[in-house]
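I opened a fresh page for this chain and clicked through it piece by piece. Below are my notes, in the order I looked things up.

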Amino acid sequence: MDKCRRGAITFDLVQSRRRKLERVDEKYRGLTYPWGRLHHPEEEPFEVASGVWWARFSMPGALNHINLWLLEDEDGWTIVDTCLNLDSSRDRWEYLFEGFMKNMPVQRVICTHMHPDHIGLAGWLCDRFNCDLYMTQAEFLTSTLMMSYTGENVPAAAIQFYHRAGFSAEQLENYQKRFGGFGRFTAPLPHNYQRLSDRQTLAIGNRYWQVVVGQGHSPEHACLYCPALQLVIAGDQILPRITPNVSVFPTEPDGNPLEGWLTSNARLLNMLPDDLLVLPAHQAPFRGVRVRLNQIIDSHRMALAKLYDFLEEPRLLPDCFQCLFKREIGENEIQMATGETVAHLNYLWHRGNVYREINTRGQYEYRSDPEAHYIDIDAK
Ligand SMILES: [Zn+2]
């Protein structure tokens, strides 16, 4: 009796793992989620369009998953993004190779951008299948540079950057302990690659995909647009419910990634048709790309206007968190929050809307120029 019951439970489990996602067209905050905003494939990938399969990999941390895309053709597979270099992700790949992917070869690995959850296993996959890595040049070179920092001491320029940004002594110490984390989750990358460029067309199987480059979240982020299938693999460039991190880092302390972010999203807004299926790297596929791009652009524009008003009085950088974040910033988020706040302040500073000065403690103080008017005509 017990044995039968266990058997029944196991059978149910297998059935539920293999269940197909049902089409529900859930509407939420202006977007439509064909398979629901909270549903996703479990162990087995799910076909979102002819030959395009959605695989979901678990990851540690607040962003607990990534969506990877498997493109099928007669000769094998193209993998888009790879997950972190962890034993659990390698095990998951092995499970897919032997089962769902039927041991067919991987022909190429495409990484949308350089963040470890996207490139973590690119080197391992390319090595295993003797295939090429496809990335844009800035993403490949920057990730190679970041990998080279692993195990190095923290440069003085990085300490200065976070000190000027208002880090306490304890926060600086925590930063030094975490430094070099990039390489811990990324397998060594191949020493050569195939370059992806904006507007380039890639033939995969019998379909054409156009590379569309965005900036701001990472230096040269590739999205893959397939007109025949009416879909875009968006990586982290267009996420449905979280706004991708746009940050300044110590390597380029006066950088202005928010300019690139707003400009490239405005370009995508003009370029992409609205009836596309968007395949994001996190959360669920959706329709309504133009609505979403407008939401993202508007949220930054509102934050910039609020920040400009807030800086009527001179403020230190951590004071500005309240303009950009709806929650208290915890110690684990301080580096991300600082980078994102510098991105907004640098945007206003580059436009001459805000001044900055170094105070007697060596920290930046920001203040709006009362004569400047916040004008942002280029964002759309
Ligand atoms: Zn990313």
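**Entry 1: a helix over two strands.** I started with helix 5, residues 137-148, in this predicted model. Helix 5 lies across strand 8 (132-136) and strand 9, and I read its angle to strand 8 as about 105°.

**Entry 2: the sheet with seven strands.** Next I wanted the strand order, and I got 3-4-5-6-7-8-9 for an open sheet of seven strands with mixed pairing. Which strands sit at the edges? I found strand 3 (46-49) and strand 9 there, each pairing on one side only. I also looked up the twist: neighbouring strands of this sheet are turned by 30° against each other on average, ignoring direction. As a reminder to myself, strands of a sheet pair through backbone hydrogen bonds, either parallel or antiparallel. Then I picked one pair, strand 5 (residues 65-73) and strand 6 (residues 76-80), and saw antiparallel pairing over five bridges. In that pair, aspartate 73 has glycine 76 of strand 6 as its bridge partner.

**Entry 3: serine 197.** I moved on to the loop between strand 9 (194-196) and strand 10 (201-204), where serine 197 has its place. Is serine 197 buried or exposed? I noted 11 C-beta neighbours inside 10 Å, and 12 or fewer is the cut-off, so serine 197 counts as exposed. Leaving aside neighbours within four places in sequence, serine 197 is in contact with Thr136 and Val211. I also checked the gap to glutamate 357: the two are 160 residues apart in sequence and 39 Å apart in space, C-alpha to C-alpha.

**Entry 4: the sheet with three strands.** Here I wrote down the order 16-18-17 for an open sheet of three strands, paired antiparallel. Strand 16 (315-316) and strand 17 (354-358) are at the edges with a single partner strand each, so each has one side without a neighbour in the sheet. Strand 16 pairs with strand 18 (residues 364-368) in the antiparallel sense over two bridges. I spotted leucine 316 standing opposite glutamate 365 of strand 18.

**Entry 5: helices crossing helix 11.** Two packed helices are described by the angle between their axes and the distance between the axes, so I looked up both. For helix 9 (residues 289-310) and helix 11 (residues 334-350), the axes come within 10 Å and cross at roughly 75°. Angles of 65 to 115 degrees count as roughly perpendicular, so helix 9 and helix 11 get that label. On the helix 9 side, I listed Ala303, Leu304, Leu307 and Tyr308 as making the contact, with His344, Tyr347 and Leu348 on the helix 11 side.

I then tried helix 8 (residues 257-271) against helix 11: the axes come within 7 Å and cross at roughly 90°. Helix 8 and helix 11 are therefore roughly perpendicular too. Pro257, Leu258 and Glu259 of helix 8 meet Ala343, His344, Tyr347 and His350 of helix 11.

**Entry 6: stepping back.** I counted up the whole chain last and got eleven helices and 18 strands. How does the radius of gyration fit a compact globule? With 380 residues such a globule would be near 21 Å, and the chain has 22 Å, which agrees. I also noted that 38% of the 380 residues count as buried.

For confidence, I found a mean pLDDT of 92, with 93% of residues at 70 or more. Residues 1-18 have a pLDDT below 50, and beyond near neighbours in sequence this stretch has four contacts in the model.

Methods: Residues are numbered from 1 along each chain as its sequence is written. This is a predicted model: local features need pLDDT of at least 70, side-chain atom pairs count only at pLDDT 80 or more; totals for chains, interfaces and linings use all residues. Helices (H or I, at least four residues) and strands (E, at least two) are DSSP runs, numbered from the N terminus. The radius of gyration is taken over C-alpha atoms; the globule rule is 2.2 Å times the number of residues to the power 0.38. A residue is buried if 20 or more other C-beta atoms lie within 10 Å of its own, exposed if 12 or fewer, and partly exposed in between; C-beta atoms are placed from the backbone. pLDDT is the predictor's confidence in each residue, from 0 to 100. Two residues are in contact if their C-beta atoms, placed from the backbone, lie within 7 Å. Two strands pair if DSSP finds at least two bridges between them. Axes are lines fitted to C-alpha atoms, for helices over the stretch in contact, and angles run from 0 to 180 degrees between N-to-C directions. Angles under 35 degrees count as roughly parallel, over 145 as roughly antiparallel, 65 to 115 as roughly perpendicular and the rest as oblique.
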